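User: Hi, I'm new to this one. Can you walk me through the basics?
Analyst: Sure, here it is.

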Amino acid sequence: MAIWITRTDQMNELDANGTCDFNNCRVSVTLDGRNAEAGERVSILFSNGEKLDFVAAGGDILLSNFDTAGMGATNLFVHNVRQAEWVEIGFGGKRHRFSLAGSAAALDAVRPWMTGGKP
């Protein structure tokens with residue numbers, strides 16, 4: 001079970017908070033070694049009460065900022081990774097609660113790496 005927040009090779013700058021902007025992030029999730037298949041209902045619940053519920057497009061990318069429909073959802077997901085204690089994700093009859101301890105620090109570490117350690 002894993003969550004990956006990745007950036008493309010056409011990477012743009014991070015926003016002022018060091019988070020993804022609207023054209024360079026994607027989120028992938030596997031549960032029991034599989035991705036959500038096309039047409040499967042996906043439910044995402046954060047400990048702070050934020051929710052996402054949608055039908056998966058299929059493939060290894062669950063959310064991305066590469067189309068209008070995905071922009072808000074992807075940024076909501078990344079923002080809440082910083083704000084919540086855990087996220088519960090379900091699809092295909094599987095469900096898993098991921099601890100988000102340390103996730104904000106990991107996202108923040110991207111900015112110094114991209115700038116070569118310069119502010």
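Analyst: Let's start with contacts, meaning heavy atoms within 4.5 Å. Of the contacts in the chain between residues at least 6 apart in sequence, 57% join residues at least 24 apart.

User: What kind of model is this?
Analyst: This is a predicted model, where local features need pLDDT of at least 70, side-chain atom pairs count only at pLDDT 80 or more, and totals for chains, interfaces and linings use all residues. Residues are numbered from 1 along each chain as its sequence is written, and side-chain values use heavy atoms, with hydrogens and water left out.

User: How many helices and strands are there?
Analyst: The chain has two helices and seven strands. Both are DSSP runs numbered from the N terminus: helices are H or I with at least four residues, strands are E with at least two.

User: And in what order do the elements run?
Analyst: From the N terminus on, the order is β-β-β-β-β-α-β-β-α.

User: What share of the residues is buried?
Analyst: Of the 119 residues, 40% count as buried. Buried means under 20% relative accessible area, exposed means over 50%, and partly exposed is in between (1.4 Å probe, protein chains only).

User: What about the accessible surface of the chain?
Analyst: The surface comes to about 6700 Å², and 52% of that belongs to carbon and sulfur atoms. Such areas come from the Shrake-Rupley method with a 1.4 Å probe; for residues, only the protein chains shown count as cover.

User: Let's pick a residue. Where is threonine 30?
Analyst: Threonine 30 sits in strand β2, residues 25–30.

User: Buried or exposed, and why?
Analyst: Threonine 30 counts as buried because its relative accessibility is 14%.

User: What does threonine 30 touch?
Analyst: Leaving out residues up to four places away in sequence, threonine 30 touches Met1, Ala2, Trp4, Asn35 and Phe98.

User: Tell me about methionine 1, then. Where does it lie?
Analyst: Methionine 1 is in the segment before β1 (2–7). With a relative accessible area of 48%, methionine 1 is partly exposed. Beyond its neighbours within four places in sequence, methionine 1 is in contact with Thr30, Leu31, Asp32, His96 and Phe98.

User: How far is methionine 1 from valine 29?
Analyst: The two are 28 residues apart in sequence, and 7.4 Å apart in space, C-alpha to C-alpha.

User: Asparagine 35 came up too. Where is asparagine 35 found?
Analyst: Asparagine 35 is in the loop between β2 and β3. Its relative accessible area is 26%, so asparagine 35 is partly exposed. Not counting residues up to four places away in sequence, asparagine 35 touches Val29, Thr30, Glu40, Gly59, Asp60 and Phe91. The C-alpha atoms of asparagine 35 and isoleucine 61 are 8.1 Å apart, with their positions 26 residues apart along the chain.

User: New topic. How many salt bridges are there?
Analyst: The count comes to six. A salt bridge here is a side-chain nitrogen of Lys or Arg within 4 Å of a carboxyl oxygen of Asp or Glu.

User: Which residue pairs with glutamate 40?
Analyst: Arginine 34 does, at 2.7 Å, N to O. Glutamate 40 is buried at 16% relative accessibility, while arginine 34 is partly exposed at 24%.

User: Got another one?
Analyst: Aspartate 53 and arginine 41 meet in a salt bridge at 3.4 Å, N to O. Aspartate 53 lies in strand β4 (residues 51–55) and arginine 41 in strand β3 (residues 41–46), so the pair ties together parts twelve residues apart in sequence. Aspartate 53 is exposed at 52%, and arginine 41 is partly exposed at 47%.

User: And which residue does arginine 95 pair with?
Analyst: Arginine 95 pairs with glutamate 88, the closest N and O atoms being 2.8 Å apart. Arginine 95 is partly exposed at 47%, and glutamate 88 is buried at 16%.

User: Which residues do shared partners join into one network?
Analyst: Arg34, Glu37 and Glu40, through salt bridges that share partners.

User: Last topic, empty space. How many cavities of 30 Å³ or more turn up?
Analyst: A search of the whole structure finds one. On a 1 Å grid over the protein atoms alone, a cavity is a set of points where a 1.4 Å probe fits but cannot get out; lining residues have an atom within 4 Å of a point.

User: How much space does the largest cavity hold?
Analyst: About 40 Å³. That volume is the space filled by probe spheres set on the points, with grid points joined across faces, edges and corners.

User: Which residues line the largest cavity?
Analyst: The lining residues are Val29, Asn35, Ala36, Ala56, Ala57, Gly58, Gly59, Asp60, Ile61 and Leu62. By class, the lining has six nonpolar, three polar and one charged residues. Ala, Val, Leu, Ile, Met, Phe, Trp, Tyr, Cys and Pro count as nonpolar, Asp, Glu, Lys and Arg as charged, and the others, Gly among them, as polar.

Note on methods:
On a 1 Å grid over the protein atoms alone, a cavity is a set of points where a 1.4 Å probe fits but cannot get out, and a pocket is an open set with protein on both sides within 12 Å along at least five of seven lines; lining residues have an atom within 4 Å of a point.
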